[in-house]
Amino acid sequence: MQQFNIRRIGSLIYRDIVLLKGAIVTALSVVGGILFIGSLFSLRGDHVVTANEFFRILFLLYIPLGLLFTFSIFKEAHNKKVNHFYFLLPVSPQERIAASWLTTSIIYTFVFTVFAFLVGQLAISIGSVFPDTDFHIVPIFSEDHWLLIKFYFFIQPTFLLGAITFTKNRIGKTLLLVLLAVFTLFMYNMILCFIFSGGTFDVFTSDPMSSEAFSLAENDLSGIGSVLFSIVLGPMMLLAAYFKIIEKEV
């Protein structure tokens with residue numbers, strides 16, 4: 001029970017997917033319909049689904065659906081009638097976190113990407129029947145698409161923590177938690193900028209050399225901020241979720 005076992009993680013992932021298969025099928029059906037209609041509308045005018053057009057559709061669906069899926073994973077843990085069965089499963093807290101993160105990030109992203117590609121390609125195939133519309137491959141793997149996935153992986157651990165921490169109003173409370181974390185790190189960066197600028201924010205505005213020095217310092221501080229955001233909204237949130245699961249098990 002205290003050892004990290006990949007086979008148990010796989011079994012827990014399979015269990016979560018089986019229990020949520022109804023909700024998953026319903027969500028994919030709705031998303032598929034929106035993707036299909038959106039792709040057909042994108043064929044109007046230039047008769048081509050461009051990378052930007054397809055990305056705009058994905059942007060509206062990928063992150064909200066993923067966060068809702070994240071909250072649904074721990075729905076059983078907050079149900080007082082059945083949560084004791086959930087916490088009596090022969091898996092360790094590390095395996096629960098690993099299984100939940102893999103399911104709601106890696107597996108979800110892979111399934112969503114493949115599903116979106118197939119639905120978009122189906123829409124293009126049907127649209128190519130009409131005049132002036134040629135068959136082409138849906139441009140799903142654009143730079144914006146990878147940035148979208150990166151952003152989701154960046155914020156997802158925070159919502160994973162909120163999903164296991166809060167019992168009621170989980171989404172709203174988690175959003176407040178995210179805003180608080182962002183505001184705290186923003187103020188920390190502002191304090192660093194204030195210190196390195198000599199106590200005033202306009203001290204480097206007098207001559208070009210000083211202005212360039214301030215720009216370089218600002219870039220360095222923005223790098224520090226990115227690292228801090230990555231640590232706080234990534235590993236630290238997963239670690240906090242791990243301790244929260246231990247607390248609930250006890």
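Reader: In this predicted model, what share of the contacts with a separation of 6 or more is accounted for by residues 24 or more positions apart?

Author: The model is a predicted one. Among contacts in the protein with a separation of 6 or more, the share that joins residues 24 or more positions apart is 76%.

Reader: How many helices and how many strands does the protein contain?

Author: Read along the sequence, the pattern is α-α-α-α-α-α-α-α-α. The count is therefore of helical runs as assigned by DSSP. The protein has zero strands, and its helices number nine.

Reader: On the same side of α9 or on opposite sides, where do M237, A241, K244 and I245 lie?

Author: Helix α9 comprises residues 235-249. Within α9, M237, A241, K244 and I245 are buried. Because these residues cover an arc of only 105° around the axis, they lie on the same side of α9.

Reader: Which residues are exposed on the other side of α9?

Author: The buried residues of α9 are M237, A241, K244 and I245. On the other side of the helix, the exposed residues are P235 and E247.

Reader: Roughly parallel or roughly antiparallel, what is the orientation of α6 to α9?

Author: Helix α6 spans residues 143-165, and its axis lies 8 Å from that of α9. The two helices pack at an angle of about 15°. Angles under 35 degrees count as roughly parallel. The orientation of α6 to α9 is therefore roughly parallel.

Reader: Which residues of α9 does α6 meet?

Author: α6 passes α9 in a left-handed crossing. From α6, the residues involved are P157, T158, L160, L161, I164 and T165. In α9 they meet M237, L238, A240, A241, K244, I245 and K248.

Methods: Residues are numbered from 1 along each chain as its sequence is written. This is a predicted model: local features need pLDDT of at least 70, side-chain atom pairs count only at pLDDT 80 or more; totals for chains, interfaces and linings use all residues. Side-chain values use heavy atoms; hydrogens and water are left out. Helices (H or I, at least four residues) and strands (E, at least two) are DSSP runs, numbered from the N terminus. The expected span of a helix is 1.5 Å times one less than its number of residues. Buried means under 20% relative accessible area, exposed over 50%, partly exposed in between (1.4 Å probe, protein chains only). The arc is that of the directions from the helix axis to the C-beta atoms. Axes are lines fitted to C-alpha atoms, for helices over the stretch in contact, and angles run from 0 to 180 degrees between N-to-C directions. Angles under 35 degrees count as roughly parallel, over 145 as roughly antiparallel, 65 to 115 as roughly perpendicular and the rest as oblique. A crossing is left-handed if the near helix is turned anticlockwise from the far one by less than a right angle, and right-handed if clockwise. Contact means heavy atoms within 4.5 Å.
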